Amino acid sequence: MATRVRSYSKINLGLAIGPVRPDGFHGLTTLYQTLDLHDLVTVSAKQLASGSDTRISLTTNHPFVPRDARHTAWRMVERCLARLGVAAEVGIDIEKRLPVQGGMGAGSRRAAAGLLGLARELGVALPGVERLKLAAEIGSDVPLFLLGGAVLGLGRGELVTPMPDLPRTWCVVAVPSVGVSTPAAFKAWDTLVSAGEIKHVQAMANATANTGILRSAQDDDVEHLRLTSLPQVDKLQQLSLAYSSLSAKTGDCKPGTSGIVRDPNPEKKRDLPDESQADAMNDLAENTLLALVRTGIGNDFEEVVFPQYPSLRITKRQLMGSDSDSPAIYAALSGSGSALFGLYRSEADAKAAQQRVQSSGVQALLTETLPRAEYWERMFAE
């Protein structure tokens, strides 16, 4: 019998871009968060006799989803079987329910779902570390979907660490029709950073010209100073330390709790009426998100994407709703794509934000964040 996997989506609560590494990738620090929004990936697999060749087929209800080895789920299954030394006949069906939109992890989440479905079908899986290594080969965002909940991503985003979870929080995801190219966004960021560095070097040259320390600001001097005297502020390290500091106070948190703030009296909490308990969880979510905002959490891509696509800035303002009675706790661009999100204290606030966004002709999806325990409890559909 085939295995149906809920392929949950994600947002990036924050994303900081670092310098280009020797391998050509930018260093990143990001805080991922899984959402209740999902596609369905159905995997059927039958192990073949030794010496046989693996056979993979892929079907889908969406015309733009690749049906061959270009698809991340196909590549994931193929490479996993090769590592296991197993030949199998595998069928993958992708029921796409969510819009094609950058920033929600579409290809990455389906690759992870394919891997999890394959393991359940065959009854054999790669060890945890090998599984994460394989996921990182397929895509930078894939490993996070092997953890779920709140996840700190370093490196290209593929070096993942589970973080203390937020409680379930109402969320609105806006999916504008415009598309944002990730390579173009990175290029624009590099141009922005480079221009800022050159301006700073020239200011230094002007400030020291009269002291005899630097006689002129010729191009060679500027380049030399840029490379030797102006190390880029390591925002990646600052943000990763800030994220980690939120978990430092939660060393003995129990599984299934938010993990952000330790409950000093869990027995008393169980006796709270449902409404009071919901208010307490809302307060916890709001306080945690505000603490993250104070650390400087945000998405660096907004600096280059919003000037090119002013409509996205307008959508973020609609999500924020600062002049309304239902403001967001926090709103931002997600990843490098055009999807944006807002997080809200109540369902009523989230629905009001959804209506604000939809009134301008932009699709808006109402959902909730998905903590790690629930992510795994609900992963496999009946």
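Me: Which residues form one aromatic cluster with Tyr8?
Reply: Tyr375 and Trp376 join Tyr8 in that cluster. This is a predicted model, with local features needing pLDDT of at least 70 and side-chain atom pairs pLDDT 80 or more, while totals for chains, interfaces and linings use all residues. Numbering runs from 1 along each chain as its sequence is written, and side-chain values use heavy atoms, without hydrogens or water.

Me: How many aromatic pairs are there?
Reply: Four, counting Phe, Tyr and Trp (six-membered) rings with centres within 6.5 Å. Tyr8 and Tyr375 make a tilted pair (stacked is under 30 degrees, edge-to-face over 60, tilted the rest), at 5.5 Å centre to centre and 45° between the planes.

Me: What does the pair tie together?
Reply: Tyr8 is in strand β1 (residues 3–20) and Tyr375 in helix α12 (residues 372–377), so the contact links parts 367 residues apart in sequence. Those elements are DSSP runs, numbered from the N terminus (helices H or I, at least four residues; strands E, at least two).

Me: Are Tyr8 and Tyr375 buried or exposed?
Reply: Both are buried (under 20% relative accessible area with a 1.4 Å probe, protein chains only; exposed is over 50%, partly exposed in between).

Me: New topic: which charged residue lies over the face of Phe380?
Reply: Arg120, at 3.7 Å from the ring centre. The rule wants CZ of Arg or NZ of Lys within 6 Å of the centre and 35 degrees of the ring normal.

Me: And what sits over Phe25?
Reply: The charged end of Arg156, 5.0 Å from the centre of the Phe25 ring.
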